[in-house]
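Thank you all for coming; I would like to walk you through one model this morning, going from the inside outwards. Please keep the structure open in front of you while I talk.

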Amino acid sequence: MEAIITMTNVDVHRAIVIAHRTEDMFLTGMLTSAIKTLKSELARRIVKITFLKKDGTLAVRYGTTIPALAGRHINGNGICADARNVVCFWDTEASGENKWRSFRYEKLISFE
């Protein structure tokens, strides 16, 4: 069985970063595809995301990048998430002023 997979330059960049960090080609393929789907889902709805935090603990967050919810909190002074090799999202349940969260590509566990 053959499959055709299309990748943008951004997808290729993510794959290179994940491959370098994990040294696992199967995991690289899985995560590259999952991140692409996750980013698409974040742009259209609130997503439950599970990932490993920097300290090794598991985090479950509800987030989005829907312009109506997160757009007013973008000031245009930050660095693009893909340039920092992370996924960024607006945490819909966080308290405080800054609700932006991020995690490294290879730390994604699941999303729904």
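In helix 2, the buried residues are Thr28, Leu31, Thr32, Ala34, Ile35, Leu38, Glu41 and Leu42, and I should say at once that this is a predicted model, so that everything I quote is computed from it. What covers those buried residues? The cover includes helix 1, which is 9-22, together with strand 1 (47-52), strand 2 (58-64), strand 3 (86-91), strand 4 (100-104) and strand 5 (108-111).

The geometry of helix 2 itself can be checked with a simple estimate: its 18 residues, 25-42, should span 26 Å at 1.5 Å a residue, and because the end C-alpha atoms are 25 Å apart, the estimate and the model agree. At the N-terminal end of helix 2 there is a cap, provided by Asp24, with a side-chain oxygen 3.0 Å from the backbone nitrogen of Phe26.

Let me now place that helix in the whole protein, which has three helices and five strands, arranged along the sequence in the pattern α-α-β-β-α-β-β-β. Of its 112 residues, 32% count as buried, and the protein exposes about 7,400 Å², with carbon and sulfur atoms supplying 56% of that area. If we take contacts between residues at least 6 apart in sequence, 50% of them join residues at least 24 apart. One pair that illustrates separation along the chain is His13 and Asn85, which are 72 residues apart, while their C-alpha atoms are separated by 8.7 Å; His13 has its place in helix 1 and is partly exposed, at a relative accessible area of 35%.

I turn next to charge. Side chains of opposite charge can pair when their charged atoms come close, and the structure holds eight salt bridges. One of them joins the side chains of Arg21 and Glu106, at 2.9 Å from N to O, and this pair links distant parts of the chain, since Arg21 is in helix 1 and Glu106 in the loop between strand 4 and strand 5, 85 residues apart. Is each partner buried or partly exposed? Arg21 is partly exposed, with a relative accessible area of 28%, whereas Glu106 is buried, at 15%.

Asp91 deserves some attention, as it takes part in a salt bridge with Arg61, where the closest N and O atoms are 3.5 Å apart; that pair links strand 3, which holds Asp91, to strand 2, which holds Arg61, across 30 residues of chain. Asp91 also forms a salt bridge with Arg101, the closest N and O atoms there being 3.8 Å apart, and because Arg101 lies in strand 4 and Asp91 in strand 3, this pair ties together parts that are ten residues apart in sequence. Asp91 counts as buried because its relative accessibility is 4%, under the 20% limit, while Arg61 is partly exposed at 25%, and Arg101 is likewise partly exposed at 25%. Elsewhere, Asp11, Arg14 and Lys36 are linked in a network of salt bridges.

Finally, the surface: Ile46, Val60, Tyr62 and Leu69 form a nonpolar patch there, with about 300 Å² of accessible area together. Leu69, in helix 3, residues 67-70, is partly exposed, with a relative accessible area of 33%.

Technical notes:
Residues numbered from 1 in each chain as written. Predicted model: local features only at pLDDT ≥ 70, side-chain atom pairs only at ≥ 80, totals over all residues. Heavy atoms only, no water. Patch = residues over 30% accessible without salt bridge, like charges linked within 9 Å, V, L, I, M, F, W, Y side chains within 5 Å. Areas by Shrake-Rupley, 256 points an atom, 1.4 Å probe, with all protein chains shown as cover. Salt bridge = Lys/Arg side-chain N within 4 Å of Asp/Glu carboxyl O. Helix = DSSP H or I, 4+ residues; strand = E, 2+ residues; numbered from the N terminus. Buried < 20%, exposed > 50% of the residue type's maximum accessible area, 1.4 Å probe, protein only. Expected span 1.5 Å × (residues − 1). Contact = heavy atoms within 4.5 Å. Polar contact = N/O pair within 3.5 Å; in protein donor to acceptor, adjacent residues only side chain to side chain.
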